[in-house]
Amino acid sequence: MSHSDDTQALSPYAPRVDKTPATVRQALDPDLRAEYEAEWRAALDQAKETFDLAAAFDVLERWWPVAQVCVQPGGRQQVERAEREWLAGTLNGIPYDLEGDDL
């Protein structure tokens, strides 16, 4: 995917969101937060019955990268644009900043 010079490259590494249920929830865009909360509560309900927190950890692992994207200016729009291009078969790559990313 080509991007113009005025489009900031998306970094999967910075800024960082702590991998805790509360900070992930806080970092999510409002329209995603309700979905996260529903999944989190369902996982906790399951844990009450099974005494196993694996489902809760799975929810946190799945939503943490989404929260990372939501806190970056324009990050969600870049991901959504890349997804549209991928579905259309026109995605050439995802922009990232080699110098700014701590690979």
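This briefing describes the fold, the helices and selected residues of one protein. The model is predicted. The protein has four helices and zero strands, arranged along the sequence as α-α-α-α. Of its 103 residues, 28% are buried.

**Overall architecture**

- Among contacts with a sequence separation of 6 or more, 69% join residues that are 24 or more positions apart.
- The exposed area of the protein is about 7,100 Å², and 54% of that area is supplied by carbon and sulfur atoms.

**Helix α2 (residues 30–50)**

- Helix α2 contains 21 residues, and the distance from its first C-alpha to its last is 30 Å, close to the 30 Å expected at 1.5 Å a residue.
- The buried residues in α2 are Leu32, Tyr36, Glu37, Trp40, Ala43 and Ala47.
- Viewed down the axis of α2, these buried residues fall within an arc of 135 degrees, and therefore they line one face of the helix.
- That set of buried residues packs against α1 (21–27), α3 and α4.
- The other side of α2 carries the exposed residues Asp31, Arg41, Lys48 and Glu49.

**Helix α4 (residues 75–88)**

- Helix α4 has 14 residues and should span 20 Å at 1.5 Å a residue; its end C-alpha atoms are indeed 20 Å apart, so the expected and modelled values agree.
- Gly75, Arg76, Gln78 and Ala82 are buried in α4.
- Because these residues cover an arc of only 160 degrees around the axis, they sit on the same side of α4.
- Cover for the buried residues of α4 includes α2 (30–50) and α3 (54–70).
- Arg84, Leu87 and Ala88 are exposed on the other side of α4.
- Gly89 follows α4 and has a positive phi, near 80 degrees.

**The loop between α2 and α3**

- Phe51 follows α2 and is placed in the loop between α2 and α3.
- The phi of Phe51 is positive, near 55 degrees, in a residue other than glycine.
- Most residues other than glycine have a negative phi.
- Phe51 has a relative accessible area of 76% and is therefore exposed, the cut-off for that class being over 50%.
- Leu53 also has its place in the loop between α2 and α3.
- With a relative accessibility of 45%, Leu53 counts as partly exposed, because this value lies between the 20% limit for buried residues and the 50% limit for exposed ones.
- Leu53 joins Leu44 and Phe57 in making a nonpolar surface patch of about 280 Å².

**Trp64 in helix α3**

- Trp64 lies in helix α3.
- Its relative accessibility is 22%, and Trp64 therefore counts as partly exposed, since buried means under 20%.
- Apart from neighbours within four places in sequence, Trp64 is in contact with Val17, Asp18, Lys19 and Val24.
- Leu28 is 36 residues from Trp64 in sequence, while their C-alpha atoms are 9.1 Å apart in space.

Notes
Residues are numbered from 1 along each chain as its sequence is written. This is a predicted model: local features need pLDDT of at least 70, side-chain atom pairs count only at pLDDT 80 or more; totals for chains, interfaces and linings use all residues. Side-chain values use heavy atoms; hydrogens and water are left out. Helices (H or I, at least four residues) and strands (E, at least two) are DSSP runs, numbered from the N terminus. Buried means under 20% relative accessible area, exposed over 50%, partly exposed in between (1.4 Å probe, protein chains only). Contact means heavy atoms within 4.5 Å. Accessible areas come from the Shrake-Rupley method with a 1.4 Å probe; for residues, only the protein chains shown count as cover. The expected span of a helix is 1.5 Å times one less than its number of residues. The arc is that of the directions from the helix axis to the C-beta atoms. Patches are made of residues with over 30% relative accessible area and no salt bridge: like charges are joined within 9 Å, nonpolar side chains (Val, Leu, Ile, Met, Phe, Trp, Tyr) within 5 Å. A salt bridge is a side-chain nitrogen of Lys or Arg within 4 Å of a carboxyl oxygen of Asp or Glu.
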